[in-house]
Amino acid sequence: MSVAVNTKKSLHKRDSDLANINKQLEILNGEPFSDGELPSFAKKIKETNQFPLRPKKLEILQVNVGYMCNQVCAHCHVDAGPDRKEIMTRDTMRQILDVIKTTEAHTLDLTGGAPEMNPDFRWFVEEAAKAGIQDFIVRSNLTIIRANPKYHDLPDFFKKHNIHVVSSMPHWTKGKTDKQRGDGVFDKSIKALQELNERGYGMPDSDLRLDLVYNPSGAYLPGDQASMEKEMKAALMEDFGIHFHNLFAITNLPIARFLDYLVASENYEDYMYALVEAYNPAAVQNVMCTNTISISWDGWLYDCDFNQMLDLKVDNKIQHIKDYNEDLLNDRKIQISQHCYGCTAGAGSSCQGVVTN
């Protein structure tokens with residue numbers, strides 16, 4: 001069964017029960033885990049002597065600059081959309097800039113929503129560069145580039161700051177892409193990719209990195225990342241003359257709108273069984289929470305972007321960017337729940353795609 005897209009409203013705007021994070025956690029901690037049919041994630045990693053999960057060297061600050069987005073995608077774990085008004089202020093950005101000046105983390109990973117919709121997005125990038133960030137990642141939905149004339153120069157801005165663009169592109173066909181992300185998304189995405197190519201992004205031997213992200217459109221795990229990358233490269237080149245560097249295959253986690261779909265379609269238990277059956281202990285050591293700190297739009301600290309959406313703050317007395325202390329944060333246990341199976345199924349999954357070869 002494929003995901004049905006609500007092209008207008010987030011869970012919050014619909015007053016859905018799952019807009020309540022406690023309701024999501026109740027489902028994740030309920031059957032089939034509460035009755036023992038499936039082992040909890042904590043129990044599973046204890047079996048392979050990997051509990052508690054602890055951080056390694058911090059490399060990435062992943063910052064969610066707001067939940068506002070010009071799209072309402074069916075699988076979105078952020079529940080982002082045009083009706084979400086949560087947005088990071090310049091004051092919170094300044095607190096992050098103070099941290100950037102002292103941390104050894106080298107990468108600033110900007111996400112949303114559509115991060116480019118934050119009115120201080122460009123200011124933040126420019127100030128972060130001055131503060132010492134070596135590598136920028138912007139997670140763009142591509143259509144934002146075509147959404148409004150004020151965004152049309154984004155490819156030039158990205159190029160000026162050598163930003164690594166990671167873009168959502170569910171499929172190389174119009175039907176499958178629009179079904180997951182909304183009517184008209186495919187055509188706008190193709191136009192945006194062509195504009196990025198014109199600036200040198202994604203071209204062979206170019207240092208301007210352009211990577212695409214694939215999420216399954218239904219209640220199943222992604223296929224082999226390398227095979228899908230080969231297919232998508234061939235299809236986009238043949239049909240549209242488009243180049244890109246890598247494809248990241250990311251497993252949909254049972255959070256927010258994807259959880260809503262799983263419950264509504266009566267696929268939740270089957271999907272959780274599939275995740276548990278595909279558990280790969282080798283993936284645990286490289287999941288993104290081990291080298292990343294996630295920062296919410298209002299400055300709270302999380303082990304990863306998924307924990308942020310479930311409001312599972314870092315298990316530490318330092319929980320807000322204003323109190324940041326890297327030494328104390330490095331001495332923490334990573335917060336886990338059943339959704340973590342999504343990052344450790346098969347070849348593993350992170351914001352950079354699979355984590356094992």
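The legends below describe close-up views of a predicted model.

**View 1. Salt bridges between residues close in sequence.** Across the structure there are 21 salt bridges, and this view takes up two of them, beginning with the one between Glu-198 and Arg-199, whose closest N and O atoms are 3.7 Å apart. The two partners differ in their surroundings, since Glu-198 is exposed at 61% relative accessibility, whereas Arg-199 is buried, with a relative accessible area of 18%. The other salt bridge joins Lys-233 to Glu-229, and here the closest N and O atoms are 3.6 Å apart. Both residues belong to helix α9 (residues 225-240), where they stand 4 residues apart and are therefore separated by about one helical turn. Within this pair, Lys-233 is partly exposed at 30% relative accessibility, while Glu-229, at 17%, counts as buried.

**View 2. A buried salt bridge and a salt-bridge network.** Arg-332 and Asp-303 form a salt bridge in which the closest N and O atoms are 2.7 Å apart. This pair links distant parts of the chain, with Arg-332 in the segment after α14 (326-330) and Asp-303 in the loop between β8 (301-302) and α13 (305-309), the two being 29 residues apart. Arg-332 and Asp-303 are both buried. Elsewhere in the model, salt bridges link four residues, Asp-79, Arg-84, Glu-86 and Arg-257, into a network.

**View 3. A positive patch on the surface.** Four lysines, Lys-8, Lys-9, Lys-13 and Lys-85, gather on the surface as a patch of positive charge. Of these, Lys-85 sits in the loop between β1 (60-64) and α3 (90-100), and its relative accessibility of 56% makes it exposed.

**View 4. A negative patch and a cis peptide bond at Glu-31.** Glu-31, Asp-35, Glu-37, Glu-269 and Asp-270 together form a negative patch on the surface. One member of the patch, Asp-270, is part of helix α11 and counts as exposed, with a relative accessibility of 54%. Another member, Glu-31, is joined to Pro-32 by a peptide bond that is cis, its omega being near 10 degrees. Pro-32 itself is placed in the loop between α1 (21-29) and α2.

**View 5. Aromatic pairs.** The whole structure contains 8 aromatic pairs. In one of them, Phe-41 and Tyr-279 meet edge-to-face, at 6.4 Å centre to centre and with 80 degrees between the planes. The pair connects distant parts of the chain, as Phe-41 is in helix α2 (residues 41-47) and Tyr-279 is in the loop between α11 (268-277) and α12 (281-284), 238 residues apart. Phe-41 is buried at 2% relative accessibility, and Tyr-279 is likewise buried, at 12%. A further pair is made by Phe-258 and Tyr-271, whose ring centres are 5.2 Å apart and whose planes are at 70 degrees, so that this pair is edge-to-face. It also links distant parts of the chain, with Phe-258 in helix α10 (residues 256-264) and Tyr-271 in helix α11, 13 residues apart. Both Phe-258 and Tyr-271 are buried. Ring pairs also draw Phe-33, Phe-41, Tyr-279 and Tyr-341 into a cluster.

**View 6. Backbone geometry at three loops or segments.** A cis peptide bond, with omega of about 25 degrees, joins Gly-112 and Gly-113, and Gly-113 is located in the loop between β2 (107-111) and α4 (121-131). Asp-15, although it is not a glycine, has a positive phi of about 55 degrees. This residue is in the segment before α1 and is exposed, with a relative accessible area of 68%. Leu-142, which is not a glycine either, has a positive phi of about 75 degrees. Leu-142 is placed in the loop between β3 (135-140) and α5 (144-147) and, at 0% relative accessibility, counts as buried.

**View 7. Pro-52 and Glu-277.** Pro-52 is in the loop between α2 and β1, where it is partly exposed, with a relative accessible area of 30%. Measuring from C-alpha to C-alpha, Pro-52 and Glu-277 are 21 Å apart in space, and in sequence they are 225 residues apart.

How values were computed. Residues are numbered from 1 along each chain as its sequence is written. This is a predicted model: local features need pLDDT of at least 70, side-chain atom pairs count only at pLDDT 80 or more; totals for chains, interfaces and linings use all residues. Side-chain values use heavy atoms; hydrogens and water are left out. A salt bridge is a side-chain nitrogen of Lys or Arg within 4 Å of a carboxyl oxygen of Asp or Glu. Buried means under 20% relative accessible area, exposed over 50%, partly exposed in between (1.4 Å probe, protein chains only). Patches are made of residues with over 30% relative accessible area and no salt bridge: like charges are joined within 9 Å, nonpolar side chains (Val, Leu, Ile, Met, Phe, Trp, Tyr) within 5 Å. Accessible areas come from the Shrake-Rupley method with a 1.4 Å probe; for residues, only the protein chains shown count as cover. Lys and Arg count as positive and Asp and Glu as negative; His and the chain ends are not counted. The place of a charge is taken as NZ of Lys, CZ of Arg, CG of Asp or CD of Glu. Rings of Phe, Tyr and Trp (its six-membered ring) pair if their centres lie within 6.5 Å; planes under 30 degrees apart count as stacked, over 60 as edge-to-face and the rest as tilted.
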